[in-house]
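Trainee: Please take one helix of this chain and go through it closely, from its start to what comes after it.

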Amino acid sequence: YAVHPVAPSDYWGLRRWKGDYRTLTDALEGAGPSTVGAGDFNATGAHRRFRQLKSAGGLQDAQDLAGRGFGATWPGTGWVPPVMRLDHVLVGDDIGVEQVEVLDDDGADHRGVEARLRLSGLVRRLGGRLGGRLGRSGLVIAGVPPRCLTAVHATLASGSRHSAASGVNRTHSPRSERIAST
């Protein structure tokens with residue numbers, strides 16, 4: 001899933017944000033162990049609605065699983081360093097996390113999150129049928145589009161690497177385009 005609820009920056013934005021979270025939580029409820037959701041969630045791990053979304057989908061934050069600490073992603077530019085983690089890669093139980101990195105400032109309003117994921121449990125469960133879903137553009141995970149600020153690198157059981165990325169912002173950078181095309 002590529003995720004980007006509206007920012008809760010004013011009264012109407014907060015109302016829309018709450019509505020977006022109801023919709024996301026309903027969509028992810030019981031999503032299953034092979035689910036990946038990535039993007040600008042416009043929420044920290046302390047937000048009640050974000051915790052409810054993770055619980056409903058049986059998902060965990062890849063950055064927490066990788067032990068990468070605070071990993072703030074917003075604001076992404078300017079003289080103030082990032083102070084909040086609003087961008088997340090959430091994974092189900094079949095998805096292993098090898099590495100997570102918050103990317104350097106590339107001029108976007110948020111810093112990107114790059115997660116290297118291991119799909120071996122998913123590949124085993126599908127009995128190797130995943131091969132038909134691999135193409136020149138890489139592995140397609142849950143319909144995630146090929147432009148990003150948040151990149152998901154999947155290492156399959158065979159060791160070959162493919163990428164999928166979430167369209168988390170309307171602003172793209174040369175680095176994010178390069179990540180999406182690897």
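Mentor: What follows is a close look at helix H1, with a few words on the chain around it. This is a predicted model, in which local features need pLDDT of at least 70, side-chain atom pairs count only at pLDDT 80 or more, and totals for chains, interfaces and linings use all residues. Residues are numbered from 1 along each chain as its sequence is written, and side-chain values use heavy atoms, with hydrogens and water left out.

The chain has five helices and ten strands; these are DSSP runs numbered from the N terminus, with at least four residues (H or I) for a helix and at least two (E) for a strand. H1 covers residues 11-28. At its N-terminal end Asp-10 acts as the cap, with a side-chain oxygen 3.2 Å from the backbone nitrogen of Trp-12.

The length of H1 agrees with expectation, because 18 residues at 1.5 Å a residue should span 26 Å and the end C-alpha atoms are 26 Å apart. The expected span is 1.5 Å times one less than the number of residues.

The buried residues of H1 are Gly-13, Trp-17, Gly-19, Tyr-21, Leu-24, Thr-25 and Leu-28, where buried means under 20% relative accessible area with a 1.4 Å probe, protein chains only. An α-helix has 3.6 residues a turn, so residues three or four places apart point the same way. The buried residues of H1 pack against strand E1 (2-3) and helix H2 (48-57), contact meaning heavy atoms within 4.5 Å. After H1 comes Gly-30, with a positive phi near 65°.

Methods:
Buried < 20%, exposed > 50% of the residue type's maximum accessible area, 1.4 Å probe, protein only. Polar contact = N/O pair within 3.5 Å; in protein donor to acceptor, adjacent residues only side chain to side chain.
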